[in-house]
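Biologist: Could you take a close look at one part of this model for me, going through its strands, the helices that link them and the aromatic contacts beside them? I would like a connected account rather than a list.

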Amino acid sequence: MKVSVIGTGYVGLVTATCFAYLGHDVACLDIDEKKIEGLKNGEIPIYEPNLDKLLEASKAKGKFPIFTTDPKEAISHGEVIFIAVGTPPKENGEPDLRYLEACAETIATHAQDDAIIINKSTVPVGSGNWVYMLIEHANPKLNFHVASNPEFLREGSAILDTLYPDRIVIGTEDAFAKQKLAELYKPLVEQSFEEPSYCLRPEAIACISEKEKIPFIATDITSAEMIKYSANSFLAMKISFANQVANICDLVGADIVEVMNGIGSDSRIGAKFLNAGIGWGGSCFGKDVKALIKIAEEYDYKPDLLTATCDVNYRQRNLIIKKLQEHMKILKGKRIALLGLAFKPNTDDLRDAPALDIAKALIKLGASVSVTDPIAMANCQKQNPDLAVKYEDDVYELVKNKDAVVLVTEWQDYRDLDLEKIYSSMNGHKIFLDGRNIYKPDEVAKLGFKYVGMGREAKESKPALV
Ligand SMILES: NC(=O)c1ccc[n+]([C@@H]2O[C@H](COP(=O)([O-])OP(=O)(O)OC[C@H]3O[C@@H](n4cnc5c(N)ncnc54)[C@H](O)[C@@H]3O)[C@@H](O)[C@H]2O)c1
């Protein structure tokens, strides 16, 4: 099928590459000339595991996508046109829809008759109909179809999530669009494509029998838009729940990891997304929960659970500062090392990254802050030229003479640290603040560190029971 993708960010580029790998003829449009120039030469502008290999594989099959900044070339190409532009939050929490609006106008000018316009960007409920109206208004002669196809991929495992999704959701009241999209997604639904050897299906999928398919959920456009917001809000809420319970664990001396293991094994609850810590960040959770709050408020409904989900999350970042203050009292002049900048492992994305807020708060209090990250340092330097931190490639160099080390992002590299070596090169307070509860408190404390967890502590430091 001839597929156009507008926007070559995390979602657009992954979607385009996967469709090309599946054998479709793909054309990608972006307004960022530098990005497109690089992509033409196979240079990937983001860090996403296996994306380079999959693009290479598409090239080998003669399906390397067209990358262009020419709207006519990209849009007139598509029988199906995916919109995957950003919908970043405005100051008031509403998503900024100006990129979507620009897309609608360009599509109206260049789309072929009977094109199916599919929105993959996360947009407020009602946007599908709004896009339809914009296109119809701009080009009344065009015959076109509209659908919503919310995206659930996670940065860091985006290729796996696209090739082996938990479900595919299509929202449209248009029978032609539904049939065409079912056809486009058939190889994924039936899992009938040739698996790339470097990108094998995750274990969970491997146990699905050959005949079982990926659920293809067809619904109306408004429900599809709601599915995306509610899925992200629910995941964010699970993490905030774990964090709220962790804070209570801190007070009563319970261990959050054991508590969440205990509740997660209940199949009604599920074990995933119950890791307490510094909380979520990234470009989606905060934006989407706030957008759903806005939608509810427009109808005079007070969505208390969603508001609390955000409040609990962002308080966790301050909690790191409070915990450091508890142990070192005054932070002015203290030397603090942060492990991890990206909002989560396996990505270079710094959008709403807790590490940035934590670093800024520490600097404001007069601490001297050093940071490291396996992938995101260059991005951080580029995007935050005024951030007064010292960058260090090597973890063991970073921790030298520091009072405290804070594990912010749970990169694999930080799961297996030589803690003895770290302890011996630190100075002063020698605090290890495990912001993601990776290490066993007693093992860290045994080395001499002052261990600080998020809802757990070393046994020796627990208050005696009365
Ligand atoms: N990143 C994720 O993990 C993720 C997951 C699911 C859904 N989403 C949603 O998908 C959408 C895209 O997210 P992203 O992270 O890929 O964004 P991004 O910022 O990485 O990429 C957006 C791209 O669109 C381009 N663009 C903007 N206006 C354009 C226009 N008029 N024509 C052509 N290109 C244009 C930008 O230059 C940029 O390259 C958002 O709505 C987001 O909420 C993101």
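Modeller: What follows is a walk through one strand and its neighbours, with a short look at aromatic pairs afterwards. Please keep in mind throughout that this is a predicted model.

I begin with strand S13, which spans residues 431–434 and whose side chains alternate: Ile431 and Leu433 point one way, Phe432 and Asp434 point the other way, and all of them are buried. On one pairing, S13 is joined in the parallel sense to strand S12 (residues 404–407) over 4 bridges, and within that pairing Ala404 stands opposite Ile431. Between these two strands the chain passes through helix H17 (residues 419–425), making a β-α-β crossover that is right-handed.

S13 also pairs with strand S14 (residues 450–452), and here 3 bridges join two strands that run parallel. In this pairing Leu433 of S13 has Val452 of S14 opposite. The route from S13 to S14 leads through helix H18 (residues 441–446), and this β-α-β crossover, too, is right-handed. S13 is thus paired with S12 and with S14.

The aromatic contacts add a further link in this part. Tyr423 and Phe449 have ring centres 5.0 Å apart and planes at 75°, so the pair is edge-to-face. Because Tyr423 lies in helix H17 while Phe449 sits in the loop between H18 and S14, the pair ties together parts that are 26 residues apart in sequence. The two partners can also be described by their accessibility: Tyr423 is partly exposed, with a relative accessible area of 24%, whereas Phe449 counts as buried at 4% relative accessibility.

For context, a search of the whole structure finds 11 aromatic pairs. Among them is the pair of Trp280 and Tyr314, which is edge-to-face, with 5.5 Å centre to centre and 80° between the planes. Trp280 lies in the loop between helix H11 (256–264) and helix H12 (285–298), and Tyr314 belongs to helix H13 (residues 304–328), so this pair ties together parts that are 34 residues apart in sequence. Here Trp280 counts as buried at 4% relative accessibility, while Tyr314, with a relative accessible area of 22%, is partly exposed. Both rings belong to a cluster in which ring pairs link Phe273, Trp280, Phe285 and Tyr314.

Technical notes. Residues are numbered from 1 along each chain as its sequence is written. This is a predicted model: local features need pLDDT of at least 70, side-chain atom pairs count only at pLDDT 80 or more; totals for chains, interfaces and linings use all residues. Side-chain values use heavy atoms; hydrogens and water are left out. Buried means under 20% relative accessible area, exposed over 50%, partly exposed in between (1.4 Å probe, protein chains only). Two strands pair if DSSP finds at least two bridges between them. A crossover is right-handed if, with the strands pointing away from the viewer, the path from the first strand over the helix to the second runs clockwise. Rings of Phe, Tyr and Trp (its six-membered ring) pair if their centres lie within 6.5 Å; planes under 30 degrees apart count as stacked, over 60 as edge-to-face and the rest as tilted.
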